[in-house]
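User: Please give me a close look at the charged side chains and how they pair, set in the context of the overall fold. I would like one connected account.

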Amino acid sequence: RLAEESSELAATKQSLEEEKQKLEGELSKLQKADMQHRSEMKEHRANIAVVEGERDAARVAETGLSERLQESESNCTRLAEESSELAATKQSLEEEKQKLE
């Protein structure tokens, strides 16, 4: 009977060792996958930072363009007003010229 129990214990021990190795293998795979995911997360974070930087630069450029557009519109308005003034002055001078003739 002792031999039988010893044999059962040895079989159980062998079975537990096999299960332990199997679990260690699975743990190793999970650790590798975790490292891969962490690496990918770092890469994604770096990509996000780059995209955010590009977005911020685009916003600054857009602001600069908007300011220049407003300045150009102001210049066009000023030039239009000056042109109207010049046309009025020309008309006035032509009328004076006709009176003098």
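Analyst: Accessible areas are obtained here by the Shrake-Rupley method with a 1.4 Å probe, and for residues only the protein chains shown count as cover. On that basis, the accessible surface of the protein chain in this predicted model comes to about 9500 Å², and 54% of that surface belongs to carbon and sulfur atoms. Since buried means under 20% relative accessible area, it is notable for what follows that 0% of the 101 residues of the protein chain count as buried.

The overall fold sets the context for the charges. The protein chain has one helix and zero strands. Its radius of gyration is 43 Å, whereas the globule rule gives 13 Å for 101 residues; the value is well over that figure, so the chain is more spread out than a compact globule. Along the principal axes, the C-alpha atoms fill a box of roughly 145 × 15 × 10 Å. A pair of positions illustrates the spacing: Leu30 and Ser84 are 54 residues apart in sequence, and their C-alpha atoms are 79 Å apart in space. Leu30 is placed in helix 1, and with a relative accessibility of 58% this leucine counts as exposed.

Turning to the charges as a whole, the protein chain carries 16 positive and 25 negative charges, and the mean positions of the two sets are 6 Å apart. A search of the whole structure finds four salt bridges; three of them are described in turn below, among them the pair formed by Glu5 and Arg1.

In that pair, the side chains of Glu5 and Arg1 meet with an N to O distance of 2.8 Å. Arg1 is exposed, at a relative accessible area of 76%, while Glu5 is partly exposed at 34%.

Further along, Arg38 forms a salt bridge with Asp34, and the closest N and O atoms are 2.9 Å apart. Because Arg38 and Asp34 are four residues apart in helix 1, about one helical turn separates them. Arg38 counts as exposed at 54% relative accessibility, a value over the 50% cut-off for that class. Asp34, by contrast, is partly exposed, with a relative accessible area of 35%.

The pair of Glu82 and Arg78 also meets in a salt bridge, at 3.1 Å from N to O. Both residues lie in helix 1, four residues apart, or about one turn of the helix. Here the two partners fall in the partly exposed class: Glu82 has a relative accessible area of 34%, and Arg78 has a relative accessibility of 39%.

Not every acidic side chain is paired in this way. A negative surface patch is formed by Glu17, Glu18, Glu19, Glu24 and Glu26. Patches are made of residues with over 30% relative accessible area and no salt bridge, so these glutamates stand apart from the pairs described above. Within the patch, Glu24 is found in helix 1, which spans residues 2-100. The relative accessible area of Glu24 is 44%, and this residue is therefore partly exposed.

In summary, the charges of this single-helix chain include salt-bridged pairs such as Arg38 with Asp34 and Glu82 with Arg78, together with a negative surface patch that includes Glu24.

Conventions. Residues are numbered from 1 along each chain as its sequence is written. This is a predicted model: local features need pLDDT of at least 70, side-chain atom pairs count only at pLDDT 80 or more; totals for chains, interfaces and linings use all residues. Side-chain values use heavy atoms; hydrogens and water are left out. Helices (H or I, at least four residues) and strands (E, at least two) are DSSP runs, numbered from the N terminus. The radius of gyration is taken over C-alpha atoms; the globule rule is 2.2 Å times the number of residues to the power 0.38. Buried means under 20% relative accessible area, exposed over 50%, partly exposed in between (1.4 Å probe, protein chains only). Lys and Arg count as positive and Asp and Glu as negative; His and the chain ends are not counted. The place of a charge is taken as NZ of Lys, CZ of Arg, CG of Asp or CD of Glu. Patches are made of residues with over 30% relative accessible area and no salt bridge: like charges are joined within 9 Å, nonpolar side chains (Val, Leu, Ile, Met, Phe, Trp, Tyr) within 5 Å.
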